[in-house]
Amino acid sequence: MSTKLKHQQQQSKDGGNVVGLSRCTCEGCNKKADLMNFCQEHYDWFKFGLITKEGKKPTDFDKKYQAWVKHHKAA
Ligand SMILES: [Zn+2]
């Protein structure tokens, strides 16, 4: 318990200044950004055209999402 608390304090102390602590750009995602400004999952989405680099969904998102799901099932 105390270890967890300490970790949170460290995070807020570093807040903002540290490169690499940025969050995923995708709307509604709170994961840490690993690649570009996305978490690994949403970077995959970005590569596939499911979201723009601003983290927004295109108008034909549903269609692209279906294709993406198929692509991943096949892989
Ligand atoms: Zn994400």
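Guide: pLDDT is the predictor's confidence in each residue, on a scale from 0 to 100. The model here is a predicted one.

Visitor: What is the mean pLDDT of the protein chain?
Guide: Residues with pLDDT of 70 or more make up 71% of the protein chain. Averaged over the protein chain, pLDDT is 80.

Visitor: Which element has the lowest mean pLDDT?
Guide: Helix 2, residues 40–48, has the highest mean, 93. At the other end, with a mean of 48, stands helix 1, residues 2–14. Within residues 7–18, pLDDT stays under 50. The element with the lowest mean is helix 1.

Visitor: How many contacts beyond four places in sequence does the model have for residues 7–18?
Guide: Contact here means C-beta atoms within 7 Å. For residues 7–18, the model's count beyond four places in sequence is 1.

Visitor: What pattern does the protein chain follow along the sequence?
Guide: The protein chain has 3 helices and 0 strands. Read along the sequence, that gives α-α-α.

Visitor: What share of contacts between residues at least 6 apart joins residues at least 24 apart?
Guide: One pair at long sequence separation is Gly28 and Gly55, 27 residues apart along the chain, with C-alpha atoms separated by 9.5 Å. Among contacts between residues at least 6 apart, the share joining residues at least 24 apart is 13%.

Visitor: What percentage of the 75 residues is buried?
Guide: A buried residue has 20 or more other C-beta atoms within 10 Å of its own. In the protein chain, the buried share is 9%.

Visitor: Which residues form the largest nonpolar core?
Guide: In soluble globular proteins, nonpolar side chains tend to be buried together. The largest nonpolar core in this model has 5 residues. One of them, Cys26, touches Phe38, His42, Ile51 and Gly55, leaving aside residues up to four places away in sequence. The core members are Cys24, Cys26, Phe38, Trp45 and Ile51.

Visitor: Is Gly28 buried or exposed?
Guide: Gly28 lies in the loop between helix 1 and helix 2. The cut-off for exposed is 12 or fewer other C-beta atoms within 10 Å. Gly28 has 6, so it is exposed.

Visitor: Which residue other than glycine has a positive phi near 50°?
Guide: Most residues other than glycine have a negative phi. The residue in question sits in the loop between helix 1 and helix 2. It counts as exposed because it has 12 C-beta neighbours inside 10 Å. It is Met36.

Visitor: With which residues is Phe48 in contact, leaving aside neighbours within four places in sequence?
Guide: Phe48 belongs to helix 2. It has 14 other C-beta atoms within 10 Å and is therefore partly exposed. Its C-alpha is 9.3 Å from that of Ala67, 19 residues away in sequence. The contacts of Phe48 are Lys64 and Trp68.

Visitor: Which residues does Pro58 touch, not counting residues up to four places away?
Guide: Pro58 is in the loop between helix 2 and helix 3. With 12 C-beta neighbours inside 10 Å, Pro58 counts as exposed. Beyond four places in sequence, Pro58 touches Thr52 and Lys64.

Visitor: How many residues of helix 3 are buried?
Guide: Helix 3 covers residues 61–74 and reaches 20 Å from first C-alpha to last, close to the 20 Å expected. Helix 3 lies largely in the open, because the number buried among its 14 residues is 0.

Key. Residues numbered from 1 in each chain as written. Helix = DSSP H or I, 4+ residues; strand = E, 2+ residues; numbered from the N terminus. Contact = placed C-beta atoms within 7 Å. Expected span 1.5 Å × (residues − 1). Core = buried A, V, L, I, M, F, W, Y, C linked by C-beta atoms within 7 Å.
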